[in-house]
Every structure is written in structure tokens, then in C-alpha cells.
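I opened this model to look up its fold, its core and its surface. My entries are below.

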Amino acid sequence: MGEKPGSTAPGARNLTEPGDHAVDVPVVCVLTRFGLRHPLHLLFTYLDYRRTMKRAAGSPGLLRSAFLVEGLTSCYSLSIWASPRDIPVFGRDVQEHVSAARRLFGRLAMSPRGGPELWSTKWRLSTVSNNLNWQDFDLRSLILARSEGEA
């Protein structure tokens with residue numbers, strides 16, 4: 001059973017109890033899907049992603065990212081941000097991101113209705129499970145710190 005916003009039930013503060021926990025923090029997740037024209041473009045897109053993330057190391061607000069493969073001609077980038085305000089700063093300040101995006105447009109498949117097969121979604125983190133393990137990324141502590149800071 002999930003926690004309700006403002007709940008003081010056991011586990012609400014430390015997010016270790018089983019189930020979903022409502023959270024109220026400005027953390028934003030971005031998911032971008034790339035439909036590619038050729039399977040070889042997947043490799044080049046991944047290498048661009050790696051270069052961009054290497055250059056982005058230490059960028060304010062970028063908490064974590066991942067490259068996800070759907071198939072031979074489709075992939076996603078998933079990024080987690082401290083705040084929605086950090087996303088355009090990254091786009092402006094990480095020049096490798098701009099260069100990678102320019103190269104990527106030549107690899108994109110075109111939809112039958114016209115336009116490239118490229119879309120992106122952004123959503124604010126509203127609920128988390130108790131199992132927040134992701135190698136060296138401590139989302140639990142981040143959420144708790146942000147929640148206490150806003151209280």
C-alpha cells in the first residue's frame with residue numbers, strides 16, 4: 001500500500017517500507033526515444049551518448065543517465081535531473097550535447113506521416129518504490145534531503 005502525501009506512517013521518512021511512496025520533490029525524469037534508419041546508427045548514437053556524458057560529468061543538476069536499447073534501430077536516453085531548471089542549462093553549456101544532436105539528425109528514421117522519429121517526455125518524480133538501488137546513485141538520500149529542505 002502506498003504512502004499518501006504528507007503521511008507520517010512508518011517508512012514514510014526513510015522510504016524503506018515495501019510498496020510505493022508518494023514524494024514531493026522537484027526531481028525530473030526525461031525519456032527521449034530515437035528511431036534510427038540503420039542498425040549501425042545504434043553504435044554511433046551510443047558512442048555519442050558516452051562522449052556527451054563524459055563531458056557532462058559534474059554538470060549541475062544532472063543526477064544520473066542511462067542509454068537504453070529497444071531494438072536494432074531504436075534506443076532511448078533516460079536522464080534524472082535535480083530540477084527542471086537544470087535541463088536547458090545543460091543543453092546550453094554542454095557543447096558535446098549540441099554536436100551529438102546535430103550528428104543524430106542524419107541518423108533518424110522518418111515517420112510515415114513525415115518528420116523524424118524522435119520524441120521526448122519529461123515528468124516530475126511523484127512516487128517511488130522502496131527498492132531505490134542503482135549502483136552509486138543514492139536516490140533515497142536525495143529525496144529525503146530534498147523533502148526535509150522543503151518542509
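The entries run from the overall chain to the core and then the surface.

**Ground rules.** I am working with a predicted model, where local features need pLDDT of at least 70, side-chain atom pairs count only at pLDDT 80 or more, and totals for chains, interfaces and linings use all residues. Residues are numbered from 1 along each chain as its sequence is written, and side-chain values use heavy atoms, without hydrogens and water.

**Fold.** I found 4 helices and 6 strands in the protein chain. Both are DSSP runs numbered from the N terminus: helices are H or I with at least four residues, strands E with at least two. From the N terminus the order is β-β-α-β-β-α-α-β-β-α. I then checked contacts (heavy atoms within 4.5 Å). Among those between residues at least 6 apart in sequence, 69% join residues at least 24 apart.

**Core.** The chain has 151 residues, and 41% count as buried. Buried means under 20% relative accessible area, exposed over 50%, partly exposed in between (1.4 Å probe, protein chains only). Next I looked up the largest nonpolar core, meaning buried Ala, Val, Leu, Ile, Met, Phe, Trp, Tyr and Cys residues joined through side-chain atoms within 4.5 Å. It holds 14 residues; Leu15, Val23, Leu125, Val128, Leu139 and Ile143 touch the most other members. Helix α4 (residues 139-150) gives the most, with 4 residues. Beyond its neighbours within four places in sequence, Leu139 is in contact with Leu125 and Leu132.

**Surface.** Is Phe44 buried or exposed? Phe44 is partly exposed, because its relative accessible area is 37%. Phe44 sits in helix α1 (residues 40-56).
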